[in-house]
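Please work through the following exercises with the sequence and the coordinates at hand. Each task is followed by a worked solution.

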Amino acid sequence: MKILVAVKRVVDYNVKVRVKADNSGVDLANVKMSMNPFCEIAVEEAVRLKELSIKEGRVATEIVVVSIGPSTAQEQLRTALALGADRAILVESAEDLTSLAVAKLLKAVVDKEQPQLVILGKQAIDSDNNQTGQMLAALSGYGQGTFASKVEISGDNVAVTREVDGGAQTVSLKLPAIVTTDLRLNEPRYASLPNIMKAKKKPLEVLTPDALGVSTASTNKTVKVEAPAARSAGIKVKSVAELVEKLKNEAKVI
Amino acid sequence: MTILVIAEHDNKVLAPATLNTVAAAVKIGGDIHVLVAGQGAGAVAEAAAKIAGVSKVLSADNAAYAHQLPENVAPLVAELGKGYSHILAAATSNGKNILPRVAAQLDVDQISEIISVESADTFKRPIYAGNAIATVQSNAAVKVITVRATGFDPVAAEGGSASVEAVGAAHDAGISSFVGEELAKSDRPELTAAKIVVSGGRGMQNGDNFKHLYALADKLGAAVGASRAAVDAGFVPNDMQVGQTGKIVAPQLYIAVGISGAIQHLAGMKDSKVIVAINKDEEAPIFQVADYGLVADLFDAIPELAALA
């Protein structure tokens with residue numbers, strides 16, 4: 001069984017981003033970039049499924065990792081290879097693509113690679129869309145297990161435990177299927193130096209949207225990007241009594 | 001323009017987030033229809049018909065929709081949605097699960113988690129964990145949108161008298177099935193709808209100590225939330241998590257106890273009207289967004305606060 005994992009290059013989650021003065025977007029020049037944290041969890045889950053297969057004689061045999069983005073996204077693909085993916089595909093596009101465009105490109109890769117399971121993160125921490133996995137599932141006609149906190153493959157099905165508003169829900173999906181990861185699915189490992197060296201020799205194929213025959217036209221346009229309204233500075237109170245007095249008489253919230 | 005709002009419900013009760021979503025639809029303007037897809041959800045359809053401003057309720061009652069599986073519900077919404085100018089759903093785990101699937105079936109981009117309506121085709125939404133606000137315009141024939149509940153004051157649950165129309169269409173893709181669920185039980189108000197939220201972080205030290213927060217919450221009629229650190233440490237279940245990857249809240253009063261105030265946590269609560277921080281580290285970033293900060297040991301301050309409040 002082949003597992004396809006999608007990863008995205010995003011601004012590092014520790015960076016506090018700043019909006020550009022001309023309101024055209026956020027300033028990403030000279031900012032540290034990393035693999036989206038949810039994508040790290042997706043890679044980890046694929047690697048664990050493969051390791052489990054080796055131990056228990058099941059069928060996850062190959063992990064293909066794919067990224068869609070600028071040529072610099074090769075760094076994130078190499079990271080995934082160092083973590084245990086077998087080969088990588090970069091669909092190179094310098095444009096800022098919408099989730100639907102990315103889903104269409106991934107669908108083309110799915111058609112080409114025919115994986116049994118596709119794992120994505122539940123959302124990217126830059127656009128905060130939470131759409132791509134669901135859209136890919138719709139386009140390929142597969143079942144979707146979103147916000148997964150547990151994934152168990154048995155025969156032709158995958159049982160996915162999902163984090164929902166009131167607690168947890170478990171669904172069973174026919175393979176092939178799409179899974180998107182939530183934070184508690186696993187704790188991603190670090191790449192070891194020997195594995196980082198080995199990853200440099202693993203195959204990395206570069207494709208283009210044109211070569212895949214996919215149009216990335218969009219129905220959405222970002223008009224402007226602004227900084228959020230700043231909160232006015234607060235005060236420090238000296239005692240609980242003073243706090244209660246302020247909440248009762250000044251803020252009038254209790 | 002006619003707008004289709006997807007009702008959020010559990011087959012028995014209409015969830016309050018639906019009222020916030022209808023409020024966003026009212027701002028867009030036009031006729032508002034509500035779709036109730038479920039099984040045995042007659043009471044929900046009746047409740048939806050009473051929402052102020054709703055002119056029609058579509059009731060799709062079928063075993064295939066019992067657990068809102070997106071493989072079955074999305075084709076229904078996409079089929080019905082073709083005749084509408086907008087399709088709206090609350091940005092709940094259900095809405096987020098189903099709506100992108102609908103958008104892809106209609107071949108349009110979706111706009112996620114809007115916090116304001118600028119015009120019928122232009123909306124504002126937070127990006128980068130709320131550190132930037134994007135204004136997005138859509139030229140799609142059908143605009144597919146999820147609505148962040150805290151961005152819109154709910155419309156009245158009573159006062160409407162919409163007709164309820166049955167929808168016969170049954171889509172059963174046959175590729176997914178519901179196995180079971182484990183829901184956390186709580187007598188306190190729902191986190192996303194509560195007027196006051198008391199949240200604990202790593203500083204609580206263990207799950208048992210959350211009893212201090214529960215006592216305070218019961219005194220204030222508040223819901224109890226948590227930071228990711230508290231959830232990951234196993235102090236409380238993960239549906240209590242407030243933040244970019246958990247729940248987004250905007251109560252009248254948010255009391256952060258033993259929470260440092262990481263970017264990801266702030267993304268979930270910084271639109272609260274009044275923020276109180278209680279932390280013994282006076283350098284904690286939470287004090288930069290707090291209206292009232294108290295540098296103190298929470299184990300002294302919380303019982304005292306519960307006694308005085």
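The exercises below deal with helix packing, the interface between the chains, salt bridges and local backbone features.

This is a predicted model, in which local features need pLDDT of at least 70 and side-chain atom pairs count only at pLDDT 80 or more, while totals for chains, interfaces and linings use all residues. Residues are numbered from 1 along each chain as its sequence is written, chains are lettered from A and ligands numbered from 1 in the order in which they are written, and side-chain values use heavy atoms, with hydrogens and water left out.

**Exercise 1.** Determine how H3(A) and H4(A) pack, and which residues meet.

*Solution.* Step 1: identify the elements. Helices (H or I, at least four residues) and strands (E, at least two) are DSSP runs, numbered from the N terminus. H3 covers residues 99-113 of chain A and H4 covers residues 132-140 of chain A.

Step 2: take the geometry. Axes are lines fitted to C-alpha atoms, for helices over the stretch in contact, and angles run from 0 to 180 degrees between N-to-C directions. The axes of H3(A) and H4(A) are 8 Å apart, at an angle of about 50°. H3(A) is therefore oblique to H4(A), given that angles under 35 degrees count as roughly parallel, over 145 as roughly antiparallel, 65 to 115 as roughly perpendicular and the rest as oblique. The crossing of H3(A) and H4(A) is right-handed; a crossing is right-handed if the near helix is turned clockwise from the far one by less than a right angle, and left-handed if anticlockwise.

Step 3: list the contact (heavy atoms within 4.5 Å). On H3(A) the residues include A:Leu100, A:Ala103, A:Lys104 and A:Val110, and on H4(A) they include A:Met135, A:Leu136 and A:Leu139. By class there are eight nonpolar, three polar and two charged residues, where Ala, Val, Leu, Ile, Met, Phe, Trp, Tyr, Cys and Pro count as nonpolar, Asp, Glu, Lys and Arg as charged, and the others, Gly among them, as polar.

**Exercise 2.** Apply the same analysis to H3(B) and H4(B).

*Solution.* Step 1: H3(B), residues 70-81, packs against H4(B) at an angle of about 50°, with the axes 8 Å apart. H3(B) is therefore oblique to H4(B), and their crossing is right-handed.

Step 2: the contact includes B:Val73, B:Ala74 and B:Val77 of H3(B), together with B:Ile98, B:Arg101 and B:Val102 of H4(B). Its residues divide into eight nonpolar, two polar and two charged.

Step 3: locate B:Asn94, which belongs to H4 (residues 93-105) of chain B. Apart from neighbours within four places in sequence, B:Asn94 is in contact with B:Glu8 and B:Gln68.

**Exercise 3.** How many residues does each chain give to the contact, and what area do chain A and chain B bury?

*Solution.* Step 1: chain A contributes 76 residues and chain B contributes 84 residues.

Step 2: about 6600 Å² is buried between chain A and chain B, 52% of it on carbon and sulfur atoms. Buried area is the accessible area (1.4 Å probe) that two parts lose on being put together, summed over both. In chain A, A:Asp165, A:Thr219 and A:Arg231 lose the most area to chain B, together 11% of what that side buries.

Step 3: examine a helix pair across the chains. H7(A), residues 240-250, and H8(B), residues 298-308, have axes that come within 9 Å and cross at roughly 45°. H7(A) and H8(B) are therefore oblique to each other, and H7(A) passes H8(B) in a right-handed crossing. Among the residues that meet are A:Leu243 and A:Val244 in H7(A) and B:Leu305 and B:Leu308 in H8(B). This contact has seven nonpolar, no polar and two charged residues.

**Exercise 4.** Where do A:Arg184 and A:Glu163 lie, and which salt bridge does A:Lys104 form?

*Solution.* Step 1: a salt bridge is a side-chain nitrogen of Lys or Arg within 4 Å of a carboxyl oxygen of Asp or Glu. The structure holds 26 salt bridges over all chains.

Step 2: A:Arg184 and A:Glu163 meet in a salt bridge at 3.1 Å, N to O. A:Arg184 lies in the loop between E10 and H5 of chain A and A:Glu163 in strand E8 of chain A, so the pair ties together parts that are 21 residues apart in sequence.

Step 3: four salt bridges are found across the interface of chain A and chain B. A:Lys104 forms a salt bridge with B:Asp107, with the closest N and O atoms 2.7 Å apart.
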